[in-house]
Amino acid sequence: MRLAKYLASAGVASRRRAETMIYEGRIAVNGIIAEKPEVRVNEGDLVTVDGSIIEGPEKKVYLLLNKPQGYISTAHDTHDRPIVTELVADIEARLYPVGRLDADTSGVLLMTNDGELAHRLMHPRFEVEKVYKAWVEGIPQKEAIDKMSRGLIIEGDKTAPARIKLIKRDPVKTTALLEIMIIEGKKRQVKKMCSAIGHPVRTLRRDSFAGLKTGRLKKGAYRHLDKREVNALYRLVGLQS
Ligand code: URA
C-alpha cells in the first residue's frame, strides 16, 4: 500500500495531509525518513510519525448477528442497559451496528468497522431491502395492506412503496403475521406503518437485510460474512472491494 494511503487508513490524517507530513520529513518507514507519498508499505513494516510508532489499519470485520430482544443497537449505552456490542465482545475490532433495531425487535443485524460500507448501506439512496415479520393486532383487510404497500403519510412524510404479504391469520387470538419489505430505514418505521393502518405490532423480527438471513444462527449468536457476501454488499452500494 502507498504510504499516504496507509497513514490515512490508520487514521493519522487525511490522505492529502499525510502527503504534506511526508514532504515535511516527519514519517519514517523502518527507520528511514520517507521522501515521497508513493513509498510502499508492506506488512510488518514499522512506520513512525515524529518518531512515534503508529498502528496499522484495523482489519475489516463483517458480522451478521441474530439479535435477541432486550438489546439496544448502539455501540455505547449510558444507562447500563444490555447493548449489541456485548454479544460480539470476543472480537477485538471496534464494531458498530449497521442501522438500528429497536430493543424489542430481534433478527438480522450487521456489525462492522467498515465505516464507508456501513454508511452507504444505511443511506436511503441505495434502497437496501429489509424484510420484517410482524405479528400485528387484528386481521388487516386487503385495502389496509394495499394502502401500506402504496405508501403512507407518517409524521408528514410519505413512506416509499413497500411489499407486504399476509402470511398467517390467527382468528382465535385475532392477530396476523405480515411480511413487510421496506427500502427505507426510518426510526420505528415498521411499527409506525402498522399503527397507521390500525394494526399495531405485537412482535417484530427482521428476517433479512440486503438478502442476508440468520439461517441456523441461534439468538445472540453471530457469524462472519464470507468474501462473496462482502463483495455483494460492496457491489450493492457502488463500491469496489
Ligand atoms: N421498524 C421498527 O419499527 N422497528 C425496528 O426495530 C425496525 C424497523
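A residue counts as buried when its relative accessible area is under 20%, as exposed when that area is over 50%, and as partly exposed in between. The structure described here is a predicted model. By this cut-off E179 is buried, because its relative accessible area is 15%.

E179 forms a salt bridge with K133, and the closest N and O atoms of the pair are 4.0 Å apart. E179 belongs to strand β12 (residues 175–182) and K133 to strand β8 (residues 130–137), so the bridge ties together parts that are 46 residues apart in sequence. The two partners fall into separate accessibility classes. E179 is buried, whereas K133 is partly exposed, with a relative accessible area of 23%.

The structure holds 18 salt bridges. One of them joins the side chains of R26 and D50, at 2.8 Å from N to O. R26 sits in the loop between α2 (15–23) and β1 (27–29), and D50 in the loop between β3 and β4 (52–53), so this pair links parts that are 24 residues apart in sequence. R26 has a relative accessible area of 26% and is therefore partly exposed.

D226 and R228 also meet through their side chains in a salt bridge, at 3.6 Å from N to O. D226 is partly exposed, at 34% relative accessibility. R228 reaches 60% relative accessibility and so counts as exposed. Elsewhere, salt bridges that share partners join K133, K165, E179, R205 and D207 into one network. The E179–K133 pair described above has both of its residues in this network.

K67 presents another case. K67 lies in strand β5 (residues 62–67). This lysine is buried yet has no salt bridge. The nearest side chain of opposite charge belongs to D104, 6.9 Å away. A salt bridge requires a side-chain nitrogen of Lys or Arg within 4 Å of a carboxyl oxygen of Asp or Glu. The side chain of K67 instead reaches the backbone oxygen of D102, at 3.1 Å. Beyond its neighbours within four places in sequence, K67 is in contact with S73, V84, L101, D102, A103, T105, S106, G107 and L109.

Three of these contacts lead to the ligand site: L101, D102 and T105 are in contact with K67 and are also among the residues around the ligand. The other residues around the ligand are Y132, R188, Q189, V190, K191 and L204. Helix α5 (residues 189–196) supplies the largest share of this shell, with three residues.

Backbone atoms approach the oxygen atoms of the ligand at several points. At D102, a backbone N or O atom lies 2.7 Å from a ligand oxygen. At K191, a polar backbone atom is 3.0 Å from an oxygen atom of the ligand. At Q189, a backbone N or O atom lies 3.4 Å from a ligand oxygen. The protein covers 97% of the 240 Å² of accessible area that the ligand has on its own. D102 thus appears in two settings: its backbone oxygen is reached by the side chain of K67, and a backbone N or O atom of D102 faces a ligand oxygen at 2.7 Å.

A further pairing brings together residues distant in sequence. E38 is found in the loop between β2 (32–33) and β3 (47–49). E38 and L3 are 35 residues apart in sequence, while their C-alpha atoms are 6.2 Å apart in space. E38 counts as partly exposed because its relative accessibility is 42%.

Terms used. Residues are numbered from 1 along each chain as its sequence is written. This is a predicted model: local features need pLDDT of at least 70, side-chain atom pairs count only at pLDDT 80 or more; totals for chains, interfaces and linings use all residues. Side-chain values use heavy atoms; hydrogens and water are left out. Helices (H or I, at least four residues) and strands (E, at least two) are DSSP runs, numbered from the N terminus. Buried means under 20% relative accessible area, exposed over 50%, partly exposed in between (1.4 Å probe, protein chains only). Lys and Arg count as positive and Asp and Glu as negative; His and the chain ends are not counted. A polar contact is a pair of N or O atoms within 3.5 Å; within protein, one must be able to donate a hydrogen and the other to accept it, and residues adjacent in sequence count only if both atoms are side-chain atoms. Contact means heavy atoms within 4.5 Å. A residue is near a molecule or strand if one of its heavy atoms lies within 4 Å of it. Accessible areas come from the Shrake-Rupley method with a 1.4 Å probe; for residues, only the protein chains shown count as cover.
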